[in-house]
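Thanks for making time this morning. I would like to walk you through one structure, slowly, and I will try to explain the terms as they come up.

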Amino acid sequence: MGRKYFGTDGVRGRVGAEPMTVEFALRLASAVARVLAPNGGTALVGKDTRVSGYMFEAALEAGFVAAGVDVSLIGPLPTPAIAYLTQRFGCSFGVVISASHNPFDDHGIKFFDSKGSKLSDELEEQIEGFLDGPALTRDSTGLGKATRVDKSRVVYQEFCASTMPPGMNLEGLKIVIDCANGAAYKVAPRVLTDLGAEIIPIGCSPNGRNINLRCGSTAPELLQLTVAGVGADVGIALDGDGDRLVMVDHLGRLVDGDQLMYVVARDRQAHGELKGPVVGTVMSNLGLEHALKAEGIAFLRAAVGDRYVLAMLRENGGVLGGETSGHLLCLDRTTTGDGLVSALQVLAAMKQTGR
């Protein structure tokens with residue numbers, strides 16, 4: 001059939017233009033409920049910090065409740081946090097209202113299944129089959145309910161910290177963390193602080209319109225200047241929904257996704273934890289391929305897009321992959337790309353090697 005609305009990562013567009021309207025979001029929620037929870041269930045709904053997130057959250061809540069699905073609203077939280085918590089809390093599916101690294105006047109809606117994985121093309125096509133019809137409203141005995149579960153974000157923070165080697169902390173490290181004024185602005189600084197790091201936060205003051213604005217992984221210049229200026233050991237830059245990572249060394253030099261993948265691959269290999277090939281994309285630096293080969297590590301290339309990297313990792317029994325832009329997949333730690341978890345893997349390697 002082909003997909004009309006779903007792209008490589010959910011539905012996305014400019015706010016106020018189709019499909020990113022309140023009316024469409026209501027119908028989308030109804031269609032998703034019919035496919036993913038036809039007999040009722042629970043949806044976990046998170047978002048980033050865009051001002052338009054309020055109206056899309058409300059529209060999705062109404063659509064799900066009308067279709068008989070209970071809704072847990074967790075507020076601003078990174079996309080990978082919703083993937084993890086959907087599975088952890090036993091929800092029927094998870095929803096993220098985010099346009100990732102794009103400007104504030106864009107927005108998007110994406111979904112995870114009950115296992116915290118992105119939806120298959122087949123499921124997205126089934127959902128689109130209901131989108132041209134009216135939204136479903138059950139009678140009063142069949143309606144869902146909505147609950148705010150904001151405090152549950154601490155469960156995700158504890159999970160992130162648990163991906164570090166047992167007994168390791170970040171004491172002695174001075175870290176600048178740039179959250180792009182986005183979804184990770186609360187949890188990322190708290191995780192690093194709880195692990196003992198001294199942190200300097202930037203890009204952690206969202207106002208609904210400054211997400212990804214001259215900050216974050218797509219604009220790391222401020223981070224580079226700040227790391228060098230305050231004499232930090234390292235800088236971390238996430239994007240607006242927290243699934244993308246680039247880092248900065250103590251001299252303010254940018255370290256991209258390919259370089260970070262190499263650092264983590266070497267660390268996993270040194271500890272006997274690297275399984276299968278490392279998977280990049282057709283855009284990955286040739287130097288990465290040569291460097292891994294020199295260490296006896298196989299490297300494969302997938303099409304651009306983290307869902308294709310994920311598929312190739314699963315096909316070949318791999319646990320580590322990613323893109324130059326900073327979408328890194330550490331499948332031995334979590335089910336999807338997670339900028340904060342990936343950063344912790346690099347910090348762990350720094351602590352262990354002293355480099």
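Let me begin with a term, since we need it straight away: a nonpolar core is a set of buried Ala, Val, Leu, Ile, Met, Phe, Trp, Tyr and Cys residues that are joined through side-chain atoms within 4.5 Å. Please also keep in mind that what you see on the screen is a predicted model.

With that in hand, which residues touch the most other members of the largest nonpolar core? They are Leu170, Ile236 and Leu347, and the core they belong to has 59 residues. The largest share of this core comes from helix H11, which supplies eight residues. As general background, nonpolar side chains in soluble globular proteins tend to be buried together.

Let us stay with Leu170 for a moment and ask what it is in contact with, once its neighbours within four places in sequence are left aside. The list runs through Met164, Ile175, Leu192, Leu195, Gly196, Ala197, Leu344, Leu347 and Lys351. There is also a second, separate core, this one of 33 residues, and Val11, Leu60, Leu73 and Phe111 are among its members.

One of the partners of Leu170 is Leu195, so named here because I would like to follow the contacts one step further. Leu195 sits in the loop between H6 and E8, and it counts as buried because its relative accessibility is 11%, where the cut-off for buried is under 20%. Not counting residues up to four places away in sequence, Leu195 touches Ala161, Met164, Met168, Asn169, Leu170, Glu171 and Leu344. For a sense of scale, the C-alpha atoms of Leu195 and Gly40 are separated by 39 Å, and the two residues are 155 residues apart along the chain.

Now I would like to turn to the packing of helices, starting with helix H5, which covers residues 153-162, and helix H11, which covers residues 339-353. Their axes come within 9 Å and cross at roughly 30°. Because angles under 35 degrees count as roughly parallel, H5 is roughly parallel to H11. The crossing in which H5 passes H11 is right-handed. On the H5 side the residues are Tyr156, Phe159, Cys160 and Ala161, and they meet Leu340, Val341 and Leu344 in H11. What kinds of residues make up the contact of H5 with H11? Seven are nonpolar, while none is polar and none is charged.

H5 also packs against helix H6, residues 187-194, and here the angle is about 50°, with the axes 10 Å apart. That angle makes H5 oblique to H6, and the crossing of these two helices is right-handed. Arg153, Tyr156, Gln157, Cys160 and Ala161 of H5 make this contact with Val187, Arg190, Val191 and Asp194 of H6. Sorted by kind, the residues of the contact of H5 with H6 are five nonpolar, one polar and three charged.

Let me move to helix H7, residues 221-230, where we find Leu222, and where Thr226 has its place as well. Is Leu222 buried, partly exposed or exposed? At 39% relative accessibility, Leu222 counts as partly exposed, whereas Thr226, at 15%, counts as buried. Leaving aside neighbours within four places in sequence, Leu222 is in contact with Ile202 and Arg214, and Thr226, on the same terms, is in contact with Val176 and Ile202.

Finally, a few points about the backbone. Most residues other than glycine have a negative phi, and most peptide bonds are trans. Against that background, Arg214, which we have just met as a contact of Leu222, has a positive phi near 55°. Arg214 lies in the loop between strand E8 and H7, and it is exposed, with a relative accessible area of 65%. Ala180 likewise has a positive phi, of about 60°, although it is not a glycine; Ala180 is found in the loop between strand E7 and H6, and at 0% relative accessibility it counts as buried.

And where is the cis peptide bond that I would like you to look at last? It joins Glu18 and Pro19, with omega at about 5°, and Pro19 is found in the loop between strand E1 and helix H1.

Key
Residues numbered from 1 in each chain as written. Predicted model: local features only at pLDDT ≥ 70, side-chain atom pairs only at ≥ 80, totals over all residues. Heavy atoms only, no water. Axes fitted to C-alpha atoms, helices over the stretch in contact; angles between N-to-C directions. Helix = DSSP H or I, 4+ residues; strand = E, 2+ residues; numbered from the N terminus. Parallel < 35°, antiparallel > 145°, perpendicular 65-115°, else oblique. Left-handed = near helix turned anticlockwise from the far one by under 90°. Contact = heavy atoms within 4.5 Å. Nonpolar A, V, L, I, M, F, W, Y, C, P; charged D, E, K, R; others polar. Buried < 20%, exposed > 50% of the residue type's maximum accessible area, 1.4 Å probe, protein only.
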